[in-house]
Amino acid sequence: MNSISLKNIRYKYPLTDHYALDGVSFDFEEGKFYGIIGPNGSGKSTICNLMKGLIPSFYLGDLEGTVEVQGKPVDEWEPEKLCTKVGYIFQNPFTQISGIRDTVFEEIAIGLENLGIDKEQMIQKAEEITKRIGIYDLIEKNPNELSGGQRQRVAFASILAMDTDIYVIDEPTSQLDPDGTESVFKIIRSLKEQKKTVILVEHKIELMAKYADEIIVLKDGKIIKSGPAREVLSDYDLVNKKVAVPQTVLFGHEMERAGKSLGKLPITIDEAEVCVRERMRGEQL
Amino acid sequence: MSIELQHVHFRYPDGTLANEDLNLVIHEGERIAIVGQNGAGKTTAVKLMNGLHKPTEGEVIINGINTRNKSTAQISGMVGYVFQNPDDQIFKNTVRDEVEFWSRYNKLDEKEIQSRAEWAAKLCDIEKYLDINPYEIPYSTKKFVSIAAVLTARNPYLILDEPTAGQDVAGVECLSKLLHYMEQDGKSVITITHDMEFVADNFKRVVVMAHGHIIADGTPAEIFAEESILSEAKIKKPQICELSTRLGLGNIMKIETLVNKL
Amino acid sequence: MNSKEKFINSFRNAKLHGNFILDLNPFTKLNCAFAIFLGAALLGHYWTRLAVIIICYVINALSGKENFKRFVKLYSFVAFLFFFFLIGLNTCFRPGETLYWEWGIIGITKEGFFYGLSMALLINEICGSIMSFYMVTPMKDIMYSVERLGAPRAASYIMLASMQSIIDLGKSANTIMESQSARGVETSGNLKTRAKAFVPILFPLFLGAIAGTEEKTVAMETRAFSANRKPTHMYELRKTPALEKVFCVFLDLVVIISVVWRFLP
């Protein structure tokens, strides 16, 4: 069964006259890690809003086509049930903190409170999550006084506590420094290890290349390319379309152009190192 | 003509020490990147350069003028500052009004106002948004609106606070072009950024900060060669540099260089 | 058990502030506040109203040093203002029989003075009781009790989030002012200059806050805020001790009887 299915989606935000998404169809399979890349304004955030069920219930506008979560159309899901299936984390660490709790521990429990989980279970769950994510030493702090990176981790913890199967993550590190980015990606890696369905929108293409199983390229509201990460990122045409590709891929292209082909286009540094050493086997570097 | 920080210390009113013993000279026309962790003191350091903060010890001298005796608004004529969050800076109802604001506030004549606005909008590639309300345009484009608005002041020094955050390939290219243009125009640009690839591609001088100090000041090649600097400031090498290091070829910044070496 | 484990464990039982006044049930405190100020208002004697004002100070003092300091600062300032204006204006302008001094339209009368005093005491005791209630009852306790009665989560969210928003707005305003001065708008100096710089930013300040609210709502949606079931609570207050309930009933009766007695022909 597919985690999420998009069928012939066409969508316009209210009071606009161009399509934010123009004929998008895609099936997200269970347990896979999907990356969505593309220029700003290509519809990446719109797809995230769709998958979370926020369109059209929250964002209004004109929607054609259907969005199905685990086989059922999104508007047939009760909001509280949908929350336990699809978790959503987005760019701004400041608006994801509720502002109504004065300790991180209670902040994480908000979703569980709303679902009516009994207290002992809530306490255990919150404790376990904070240890797992590495924010245990922040549990007594006021969430409103944390840094951006810390807040983003608390936001992750709050969603992870709801134990959803599917995670939609929209540019979680664009406002963070390298340390914050790394700690967020540690969390994302652990989601991959638990075989959750992850749909990640990111500009940091090097990190995307490391974790994504499949990549979807959006431009002007349409999917222009999709497939296994390696296949998509090795396509030089993307560079012409101003879509980010890892530096190692550009390096691989240049090597080919110089007649020193590496055999395949490496999408991570580790691969590039292996390829170069292979090629240079015997020769002095 | 330069910005000089001489033994500058900056302490917040509540006593926290944000910057300690900063010594830095930036000549007019020079382009530098400032890198380091959040909390390292980068933002407080640049705010000392435009007068938003006054040094608690030491002197900040801009083109011969000591900042202690001037208000921020007076110094802003020499040093422009684009905030990290465009929503903190944009307050007009159309992009055009926003970009024209500085010129109007300083009572330039109408022709000059128009020409500066058009020039800035072209440079930042926001011409098609001129008559739109800033709240309706995407975040990454808003960044360019706030840059254009500050450009119209034609300051000799320009500070950009994390311009690459959230930008796509087209946006980063536009920034590169802008940096190049400013250099040709003899204007200095001081950029705070976390994007090491951007630094390697666009800057010849990098200032590294950690724990409120400046811990290094040199070319990207020099900076990325020192493991101790990288670990203290918690910054990573660009991919190509990391690759070349692993292959034992030293620190190479450009792809072509690496290809030729193999 | 280390401190973090103790902290987590503290949620397993009802949360106590460790102070007698703060631990009283919010509804108990609400009841007392109402009973006291209504009673004193209706009874009309100067001394009952003064007594209420004194009780306010005492209760705040009992609730902790920090709290007391805040209350004294805020209340004294407000009380002084009321006293000054109400007594002053009434003494000078209210018509009365016993005139002490006259000058143009100003006429200092005994009746005016006592009327002003009576008004000032009334306003101050009402103000004092309400302020004291909010000082000794943390908002999160109020919201917990209200939710327990069945109010929707949205209501408590709005109350609590608004308070945090005000703090955030203050920080935002500061940043925006900084960015304006960085563009050459003079923000330091006399009041007029500062006002000129501040007023244009009010609109984007609020617009920004509203835009942020949209994202906040989305974030809360993802945490099941629109769920229809009764929520559980991590932070819980103890069940109201019987003694408190009895005291409330007792106090209410005393007040009712006193008022009825006073108005008996």
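Chain B first: its secondary structure comes to 11 helices and 10 strands. Before going further, note that this is a predicted model, and every value I quote is computed from it.

Staying with the overall form of chain B, the C-alpha trace spans about 60 × 45 × 30 Å along its principal axes. The radius of gyration is 19 Å, and a compact globule of 262 residues would have one near 18 Å, so chain B agrees with that expectation. Of those 262 residues, 58% are buried. If you take contacts in chain B between residues at least 6 apart in sequence, 61% of them join residues at least 24 apart.

On the surface of chain B, the accessible area is about 10,400 Å², and carbon and sulfur atoms hold 49% of that. The charged side chains number 28 positive and 37 negative, with the centres of the two sets 2 Å apart.

Now the corresponding figures for chain A. The secondary structure here is 12 helices and 10 strands. The C-alpha trace covers about 65 × 45 × 35 Å along the principal axes. For 285 residues the globule rule gives a radius of gyration near 19 Å; chain A has 20 Å, and therefore agrees with a compact globule. Buried residues account for 58% of the 285. Among contacts in chain A with a separation of 6 or more, 62% come from residues 24 or more positions apart. Chain A exposes about 11,000 Å², with 46% supplied by carbon and sulfur atoms. As for charge, chain A carries 36 positive and 46 negative side chains, and the two centres lie 4 Å apart.

Next, one element in detail: helix 4 of chain A, residues 104-114. How many of its residues are buried? The count is 11 of 11, so the helix is mostly covered in the sense of the under-20% cut-off on relative accessible area. The buried set includes the charged residues A:Glu106, A:Glu107 and A:Glu113, along with nonpolar ones such as A:Phe105, A:Ile108 and A:Leu112.

What covers this helix? From chain A, the cover includes helix 5 (119-133) and helix 6 (148-160). From chain C, it includes helix 1 (3-10), helix 7 (139-148) and helix 8 (153-182). Just after helix 4, A:Gly116 takes a positive phi of about 75 degrees.

A:Phe105 in this helix deserves its own slide. Setting aside neighbours within four places in sequence, A:Phe105 touches A:Ile123, A:Ala126, A:Glu127 and A:Ile139 in its own chain. In chain C, A:Phe105 is in contact with C:Phe7, C:Ile8, C:Phe11 and C:Met234. A:Phe105 also belongs to the largest nonpolar core, which has 54 residues; A:Phe105, A:Ile169 and A:Ile215 have the most contacts inside it. Apart from that core lies another, of 46 residues, among them A:Ile4, A:Val24, A:Val86 and C:Ala33. As background, nonpolar side chains in soluble globular proteins tend to be buried together.

Now some individual loop positions, beginning with backbone angles. Most residues other than glycine have a negative phi. A:Leu60 is not a glycine, yet has a positive phi of about 50 degrees. A:Leu60 sits in the loop between helix 2 (54-57) and strand 4 (62-69) of chain A. Is A:Leu60 buried or exposed? Its relative accessible area is 53%, and exposed means over 50%, so A:Leu60 is exposed.

Chain B has a case of this kind at B:His211, where phi is near 50 degrees, again positive in a residue other than glycine. B:His211 lies in the loop between strand 9 (205-210) and strand 10 (213-218) of chain B. At 57% relative accessibility, B:His211 counts as exposed.

Two more positions to finish. A:Asp75 is in the loop between strand 5 (72-73) and helix 3 (79-83) of chain A. Its relative accessibility is 66%, which means A:Asp75 counts as exposed. The C-alpha atoms of A:Asp75 and A:Leu54 are 9.8 Å apart, with the two positions 21 residues apart along the chain.

The other position is B:Ala225, in helix 8 of chain B, residues 220-225. Why does B:Ala225 count as partly exposed? Because its relative accessible area is 40%, which falls between the 20% and 50% cut-offs. B:Ala225 and B:Pro156 are 69 residues apart along the chain, and their C-alpha atoms are separated by 32 Å.

Conventions
Residues numbered from 1 in each chain as written. Chains lettered and ligands numbered in written order. Predicted model: local features only at pLDDT ≥ 70, side-chain atom pairs only at ≥ 80, totals over all residues. Heavy atoms only, no water. Helix = DSSP H or I, 4+ residues; strand = E, 2+ residues; numbered from the N terminus. Rg over C-alpha atoms; globule rule 2.2 N^0.38 Å. Buried < 20%, exposed > 50% of the residue type's maximum accessible area, 1.4 Å probe, protein only. Contact = heavy atoms within 4.5 Å. Areas by Shrake-Rupley, 256 points an atom, 1.4 Å probe, with all protein chains shown as cover. Charge placed at Lys NZ, Arg CZ, Asp CG, Glu CD. Core = buried A, V, L, I, M, F, W, Y, C linked by side-chain atoms within 4.5 Å.
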